[in-house]
Amino acid sequence: FLISTYNKMWRDAQKDLDIQLWRERGEFLQPEKDRVKVFKMLAASYIKYIQISRNLGTAHDQLIHRQKQRVIRQVLDGVIGRILEMKKEMVQLENSEFHYLDNILEDLKLLPEDIEVPIPRYFIKEKLEVLQQREKILDEILLNAGLQTQKPVKAMAFEEAIKMIQVAERARQGRCRAAFMKQIYLEEKRKRQTKRQVQMGPSPDDAATCIQKVWHGYIQRKKTGKMREEEMIFLGMSLPPHLKATSILQMHAGQVNALQGEVQETHEEVFIKDKLREMEGLNIKQTLQHQISQCFIECRHIIGKFPDYPTEEAGGSTAILSQKTPEQVAAELAAKKEMALQKKAQKGKKEKEERKGKTKGKNTLKTGKKVRHLQEKEGWRMAPSNFLSIMEEGNSQYKAVWQNRDEGWDFLQDHDLELIKEEKREEVEEEIRVQVDQLMQQKLENLRLAVDGEKSDKQKKGKKKEKVKTASWDRSGTIDSLYRELVEEGLLIKAKTVNLSDYVGKYSYLGTTLRQVDIEPMPSLADVRQLIALYGILPLGSQTVHEKAPLVKALLLAGPTGVGKKMLVHAICTETGANLFNLSASNIAGKYPGKNGMQMMLHMVLKVAKQLQPSVVWIGDTEKIFPKAVPKAEEEINPRRLEKILPKFLKALKPQDRVLLVGTTNRPFDANLKPFCKVYQKIILIPRPDYASRFGKYLNHPVDYLLWKHIILQNGGVITNSLNISCLAKVSDGFTQGHIVQAVQAVLSELRLLQMTRKPLMTAEFVTSLARQDPVYKEEEEMFK
């Protein structure tokens, strides 16, 4: 039943994707001048792709069929990449990172929860063992270096321990004595009642009345409880029973999810590859040798001499065995020689152009203006996509293999042998081709020597060894040794286990209304969550997405103290399994001094980050690296060490390197803005929480609390009628999440938690604690905007 459910989910997602691909081929190719219409069209597609991504992610996570997972994974990567491309178009259209889609959600009859960006579980699931092993090694290095201590055991004096044991033992004896005396009392009472009944005789009417009283009371209490429950469900303050209770199917789904990894490991495909090699390997080898020999003979007949054997980088014998005539092959070889000559000529031209950089810059500005003018004249048109071909390929593969497949018989969801054979046959052919290339290359040299009396170019010219110049700061060594050194120096730190869903906050319903009256609204915490998922988590989690999606190398999180900037950095690492490097000015002070030392440090970080990707390089208080003027108190730290070398660090990152630079700042206005904004490609404003985030609740949602309730319950508090959460939410306007956490922790001390049963929490306690802190004033908020 569960398998059929997730198969249906996959099928529905593919149908929706088919409709979206049809729209991509039609609507998005037509130029459109109305920018409002363009944005609505983009936003509707963006929301639809998010829903498709959520369904595909669930299906990929729950289906244990390995071949299905591969097809879903391919399409899912394409959909995620398309979401990022859509986001880029929306940003360019509105000149804003934040979009307000409440009116579009209303038209589509959707909730704000439906546009939460889903994070696929395979980001962590596929490399869980590697991450666990890496965490174990990191803990071991930190313990040996003394940077991390084991959980401290609370020390206690001998006399204090004896006293505690004595108190506990006396209390146990007292409880046992009380229970024993109660038993004796009840026994004596029962004997007295029995004697009285024997003497006076039982009355049937009294007995019937007693039973009736008990029964009527029980029935009425049950009816009242049921009525109250129905009222709470009607008001939206409680969940229906079928959502509240954990059903048998949900329990079974949990068991399946727990055992899923074990089941997947049993579906190994190596034995099929070995069988194919044994049965078809000899035939494949002979066929390849015959085809290559025929190509040699035909080429000599046309050209007059044997051709050069293609190198492994050019594809080896695959370049020879392409579906082309010998004449076409000869023409291609001639074309390649011409291209090589043209490239040499272009090198000289580039040097001249570099000398004339100013004129070139002016020309590019003119051409950019021309392009913008043409866009305004012709209308908006969707930019070319790197992911449409991936989605279409996955969609066609689904239609060809899985759409009309009868799986009623496949209870075990075992692998399909024929499909595996088709996949593995290509791998076997490639392995055998490499072996055949080595044999045929030697055969070609022998033929040249015997027929034409020539030697190959390799025999004529010996390769000259190139002298590799290494920089003075270049640091050699194994990745393990560099990893250990960075950990011991405190540059590679352990990320806290925090999920993005732990960053609680509500969606803003007034964004569109405020923009209609020319007021730019403050972004909500839900908007911040979306941007962190889009720019931080999704690209880092998938290699395909990172290579082909719009590249974001650096991300800045700007906001007042206590809004959760560091928490979001740790959430990116938790959701993607990334390493966390701390290059904050205060952390690197005194380490690797001098210019060469700084270059060596960044070289080491870059080397380890690339090798053990994904990685996050975090710079806290990043405005200190780009100061307008360095304060005297910070001159010893020398915070400007990274200013000039950081752009070079970012330039060294290629699309295939899943490394993200994340800066956090609570005073971005103190920085020298020109170099500051050149480094950080994307800037995310993180505001203080609004009233909805401090108090609001999701109707019919299992998590019906935000911020105040969440933090109080998290710290061991109990919510009663004496505590007015709405009042706290109003009073805490202007305060951040950090302020609320500090206020709650100050109130809920160990003594206060012990008094909770007889003295419930009061609103005034938290208000008094909160009043001792400084809020975020409107002037500071405007400076951030």
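Which strands does helix α22 lie across, and at about what angle to β4 does this helix run? In the predicted model, α22 (residues 565–576) lies across β2 (554–558), β3, β4 (615–620) and β5 (659–665). Its direction is at about 170 degrees to that of β4.

These strands belong to an open sheet of six strands with mixed pairing, arranged in the order β1-β3-β4-β5-β2-β6. The edge positions are taken by β1 and β6 (682–685); each has a single partner strand, so one side of each is left without a neighbour in the sheet. The pairing of β1 with β3 is antiparallel and extends over two bridges. Within this part of the sheet, Leu492 is placed opposite Phe581 of β3.

The protein chain as a whole contains 33 helices and six strands. Buried residues make up 39% of its 785 residues. Among contacts in the chain with a separation of 6 or more, 83% are between residues 24 or more positions apart. The exposed area of the chain is about 48,300 Å², of which carbon and sulfur atoms supply 55%.

Helix α18 spans residues 479–488, and its buried residues are Ile479, Leu482, Tyr483, Glu485, Leu486 and Val487. An α-helix has 3.6 residues a turn, so residues three or four places apart point the same way. The buried residues of α18 pack against two helices, α6 (128–145) and α24 (594–611), and against two strands, β1 (492–493) and β3 (579–582). After the helix comes Gly490, with a positive phi near 80 degrees.

The largest nonpolar core has 80 residues, of which Tyr46, Leu101 and Ile684 touch the most other members. At least three residues of this core come from each of domain 1 (1–121 + 382–403) and domain 2 (479–687). A second core, separate from this one, comprises 41 residues, including Leu142, Val487, Leu646 and Val659. Val487 is also one of the buried residues of α18. In the largest core, Ile684 was examined further. With residues up to four places away in sequence not counted, Ile684 touches Phe98, Val528, Leu531, Ile532 and Tyr535, among others. Its contacts also include Leu555, Leu556, Leu557 and Ala558.

Several loop residues have notable backbone geometry. The peptide bond from Gln613 to Pro614 is cis, and its omega is near 5 degrees. Pro614 is located in the loop between α24 and β4. Positive phi values also occur in residues other than glycine, including Asp518, at about 60 degrees, and Tyr592, near 50 degrees. Asp518 is in the loop between α19 (511–516) and α20 (525–541), whereas Tyr592 is in the loop between α23 (585–588) and α24. Asp518 has a relative accessibility of 74% and therefore counts as exposed, the cut-off being over 50%. Tyr592, at 10%, counts as buried because its value is under 20%.

Thr768 is located in helix α32 (residues 763–771). Its relative accessibility is 43%, so Thr768 counts as partly exposed. Thr768 is 21 residues from Val747 in sequence, and their C-alpha atoms are 9.3 Å apart in space.

Key. Residues numbered from 1 in each chain as written. Predicted model: local features only at pLDDT ≥ 70, side-chain atom pairs only at ≥ 80, totals over all residues. Heavy atoms only, no water. Buried < 20%, exposed > 50% of the residue type's maximum accessible area, 1.4 Å probe, protein only. Helix = DSSP H or I, 4+ residues; strand = E, 2+ residues; numbered from the N terminus. Contact = heavy atoms within 4.5 Å. Pairing = 2+ DSSP bridges. Axes fitted to C-alpha atoms, helices over the stretch in contact; angles between N-to-C directions. Core = buried A, V, L, I, M, F, W, Y, C linked by side-chain atoms within 4.5 Å. Domains from an automatic or database assignment. Areas by Shrake-Rupley, 256 points an atom, 1.4 Å probe, with all protein chains shown as cover.
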